[in-house]
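User: Please take a close look at one backbone position in this structure, and then explain the parts that help a first-year student to read the rest. I should be grateful for one connected account.

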Amino acid sequence: MASAVDSTADTLSKLDVNADWASSAPNLKKNLSLLSPHQIELGKMLLEMGQGHLFEHWPEPGVDDDQKRAFFDQVARLNLSYPGGLASYMKIARELLADSKDGRNPFDGFTPSVPSGESLTFGDDNFVQFEETGVREMQNAAFVLVAGGLGERLGYNGIKVALPRESSTGTCFLQHYIESILALQDASCRLVEGGSSKLIPFVIMTSDDTHARTFELLESNSYFGMNPTQVKLLKQEKVACLDDNDARLAVDPRNKYVIQTKPHGHGDVHSLLYSSGLLNQWRDAGLRWVLFFQDTNGLLFKAIPAALGVSAIKQYHVNSLAVPRKAKEAIGGIAKLTHADGRTMVINVEYNQLDPLLRATGHPDGDVNCETGYSPFPGNINQLILELGPYIEELTKTGGAIKEFVNPKYKDASKTSFKSATRLECMMQDYPKTLPPTARVGFTVMDIWLAYAPVKNNPEDAAKVPKGNPYHSATSGEMAVYRANCRILEKAGVEVKGGVLQVFNEQEVEVWPRVTWKPSWASTFADVRSKVSGSCYISKDSTLVINGSKIFLEDLYLDGALVINSIEDAEVKVGGSVKNKGWILEEVDYKDASLPEEVRIRGFRINRVEQLEKTYNDPGKFCLKP
């Protein structure tokens, strides 16, 4: 067997060590004997791509040898994790950096127009039909959660999916998502004639920051009731940082043998799914849909069944969930772009690009509200439904690569140097940019109160938001959950008092009765209607917590706090008059370090003064009528 030394020597011979590529980096050349053949190939690639500066500080062999090898281990990881490898990354970076320096507009030559889509009205017959269709299709779907971020921007040091969605039950976002998927899984099985219990796959894209903690959250909570085989974690790698317009790779200031890296963006989810082989497995198992969602929108699953129904009935290859947006509102708009050469695409256009694009193409007023009071370009909320077959076909062409952008922070107007290292970024919702004109790309618009309440701003930033604009904080996110549940009950015939304005963490929010239910109680509006009857009333300061699938509200008068827990085989009718001192929202100071972070960022805590709580752990039929 040839020795490693012989192998390296043979490789050096083949690579012609004395050629220009090696001579241009004498410090690397002196150390080639330390490296494996593959590492030498990577070294040659780096020099050919103008990265000789990476080796300027390398000492003689025998000094820092392990760190030199570790450097190439990192290069190998960066090369492997990027579609096309590092050479492709640097080539694209130079092109995009040149465009950025020259001020080129990526939308030059394009004219925007309003694409075709479906606008739904919650609770009408059309909405209910789409929901039912969506539930039927659920057994042919897989869910993908993009969860690579920490909660630091929120003032919360944990992973964002561990944050409580609301305080009444303390259910975290990840638990709510899993329970929602399980409820839809069961509902789809019941609705499809002769349907077998198919497990819905659930993928979570993590990062170095979130991977271990996401796994621990799942393991320590028995996957919140989901079969562990349904859940797959895919970890996204970071990408190399760039020091200048020549795309010279940035060295970590703390370690000269490490290339500085930053997150690439949630667009990586497409290449990860492609390289994992999961997409082909899903297709072989008969799945048809992939639903993508982000980590802290507590209302999303109220919109998903109807949106999937739209995809199925309209046969959309790509369906973007959207909400009405005011003209010039700071949320991207979904637009159809038609190029002078005939190319078309339906994509998200950032709000600060949409208005000037309209002005430059014959719309002197830019982005303006139409007769509905909203912009004709609906607001993108970064939740996508893709048809699996065309998705695989497209990723086979692209390798999962998504059109990227670069956003360097220049030191001055000359645009010759950066304030800090930059990198290429990509976004999940830019997937349609490479699709052919024949692709069926549409959108589904639903009311904001039903579909969109992201939690992404800390209290200080939220308090600076102009009055009337959404806070997108933990405070507003929780209140949005209660408001949505109350409005759904109202639509089902319940009289609900609420909508009182209060201020928490310097944010004025609508406070509704704290109504919350498990997804197993109701995944659709039809579910809610089937479980509410007679004349029901909920006062403005009440709390209603429903933990069970077969709990029926019949002529209930609630003025206080009521908590009902039941096992799956217990059917409980709840009525009569429930009056007690209830649960009170108490204001807290978000600067009070003695309180848990998840309480401080909301600006309130719940004082459980008095409640009626009943638990039914035996199968059978029961009646609660105080």
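**A residue with positive phi, and the elements to study with it**

Analyst: With a relative accessibility of 41%, D555 counts as partly exposed, because that class lies between the limits of 20% for buried and 50% for exposed. The model is a predicted one. D555 belongs to strand β23, which covers residues 551-559. Its phi is near 55°, a positive value in a residue that is not glycine.

Two further positions may be read beside it. Y223, also not a glycine, has a positive phi of about 55°. Y223 lies in the loop that joins α9 (211-220) to β5 (231-235). Its relative accessibility is 10%, so Y223 counts as buried. G277 follows just after helix α10 and takes a positive phi of about 80°. Helix α10 itself spans residues 268-276, and its buried residues include D268, V269, H270, S271, L272 and L273.

The account now turns to a sheet. Strands of a sheet pair through backbone hydrogen bonds, in either the parallel or the antiparallel sense. Here, four strands form an open sheet in the order β19-β22-β24-β28, and their pairing is parallel. The edges are taken by β19 (514-517) and β28 (612-616); each has a single partner strand, so one side of each has no neighbour in the sheet. On average, neighbouring strands of this sheet are turned by 5° against each other, with direction ignored. Within the sheet, β22 (residues 543-547) pairs with β24 (residues 561-566) in the parallel sense over five bridges. As an example of such a bridge, I546 has I564 in β24 as its partner.

Helices offer a second kind of arrangement. Two packed helices are described by the angle between their axes and by the distance between those axes. Helix α7 (residues 125-137) serves as an example, with helix α8 (residues 173-191) as a partner: their axes come within 7 Å and cross at roughly 95°. The two helices are therefore roughly perpendicular to each other. On the side of α7 the contact is made by E132, V135 and R136, and on the side of α8 by L184, A187, S188 and L191. Sorted by class, the residues of this contact are four nonpolar, one polar and two charged.

Helix α7 also meets helix α12 (residues 300-314), where the axes come within 6 Å and cross at roughly 85°. This angle makes α7 roughly perpendicular to α12. From α7, the residues F127, F130, E131, T133, G134, V135 and E137 take part; from α12, their counterparts are K302, P305, A306, L308, G309, V310, A312 and I313. By class, the contact of α7 with α12 has nine nonpolar, three polar and three charged residues. V135 of α7 appears in the contact with α8 and in the contact with α12.

A last position concerns a charged side chain. D65 is found in helix α5, which covers residues 65-81. With a relative accessibility of 16%, D65 counts as buried, since the limit for that class is under 20%. Apart from its neighbours within four places in sequence, D65 is in contact with N31, L34 and E60.

To return to the starting point, D555 in strand β23 is partly exposed, whereas Y223 in its loop is buried.

Methods: Residues are numbered from 1 along each chain as its sequence is written. This is a predicted model: local features need pLDDT of at least 70, side-chain atom pairs count only at pLDDT 80 or more; totals for chains, interfaces and linings use all residues. Side-chain values use heavy atoms; hydrogens and water are left out. Two strands pair if DSSP finds at least two bridges between them. Axes are lines fitted to C-alpha atoms, for helices over the stretch in contact, and angles run from 0 to 180 degrees between N-to-C directions. Angles under 35 degrees count as roughly parallel, over 145 as roughly antiparallel, 65 to 115 as roughly perpendicular and the rest as oblique. Contact means heavy atoms within 4.5 Å. Ala, Val, Leu, Ile, Met, Phe, Trp, Tyr, Cys and Pro count as nonpolar, Asp, Glu, Lys and Arg as charged, and the others, Gly among them, as polar. Buried means under 20% relative accessible area, exposed over 50%, partly exposed in between (1.4 Å probe, protein chains only).
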